[in-house]
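These entries record what I looked up, beginning with the surface and ending with the fold.

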Amino acid sequence: MAQSTAVKPDTGTPRSADDTEQGRTTIASSVVQKVAGIAAREISGVHAVGGGVSRAFGALRERIPGAGTASTAGVAVEVGEKQAAVDLDIIVEYGASIVDLAKAVRRNVIGQVERMTGLEVIEVNIAVNDIHLPEDDDESESGTGSRVE
């Protein structure tokens, strides 16, 4: 039977990223989530991270004092002792090459997580859930409320 090299499931507890004679450094999975989410948003062509449901819950969570931010909406991570795996849900701007965009997002997420945490990123799975159209912004700006003033 072959041994599995998969990362350990995330239990929400901080994981060891550095264990030296001078001490131990642990990194919470929420930190890896935030780094990955920010790194994904840095790429031009990514309209948003998270699908409709996760973004709605994130917006609701932002309104609750002390509940955190939506910077982790649409980002799931599994963090082991020395490795991490990342799952992203993104919305792409219309006209962007999804294949090229996914490569750029993957490269940036891997680079930032590895640089900031010292964890080896073994995979970044990207699910493109929607495409953002420019007219979507126009409709929301013109107002969807009452027809009369």
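**Surface area.** I took the exposed surface of the protein to begin with: about 9,600 Å², of which carbon and sulfur atoms supply 50%. I note that the model is predicted.

**Burial.** I then looked up the share of buried residues, which is 33% of the 149 residues in the protein.

**Nonpolar patch.** Which residues form a nonpolar patch on the surface? I found Tyr-94, Ile-98, Val-128, Ile-131 and Leu-133, which together have about 420 Å² of accessible area. I located Val-128 in strand E6, which covers residues 120-132. I entered Val-128 as partly exposed because its relative accessibility is 33%, a value between the limits of 20% and 50%.

**Negative patch.** I next listed the members of a negative surface patch: Asp-130, Glu-135, Asp-136 and Asp-137. Which helix gives the most to the negative patch? I found that helix H4, residues 134-142, does so with three residues. I placed Asp-136 in helix H4. I also entered Asp-136 as partly exposed, because its relative accessibility is 33%.

**Fold.** I turned to the secondary structure and recorded four helices and six strands in the protein. Reading along the sequence, I wrote down the pattern β-β-α-β-α-β-β-α-β-α.

**Contacts.** Finally, I considered contacts between residues at least 6 apart in sequence, and noted that 68% of these join residues at least 24 apart.

Conventions
Residues are numbered from 1 along each chain as its sequence is written. This is a predicted model: local features need pLDDT of at least 70, side-chain atom pairs count only at pLDDT 80 or more; totals for chains, interfaces and linings use all residues. Side-chain values use heavy atoms; hydrogens and water are left out. Helices (H or I, at least four residues) and strands (E, at least two) are DSSP runs, numbered from the N terminus. Buried means under 20% relative accessible area, exposed over 50%, partly exposed in between (1.4 Å probe, protein chains only). Contact means heavy atoms within 4.5 Å. Accessible areas come from the Shrake-Rupley method with a 1.4 Å probe; for residues, only the protein chains shown count as cover. Patches are made of residues with over 30% relative accessible area and no salt bridge: like charges are joined within 9 Å, nonpolar side chains (Val, Leu, Ile, Met, Phe, Trp, Tyr) within 5 Å. A salt bridge is a side-chain nitrogen of Lys or Arg within 4 Å of a carboxyl oxygen of Asp or Glu. Lys and Arg count as positive and Asp and Glu as negative; His and the chain ends are not counted. The place of a charge is taken as NZ of Lys, CZ of Arg, CG of Asp or CD of Glu.
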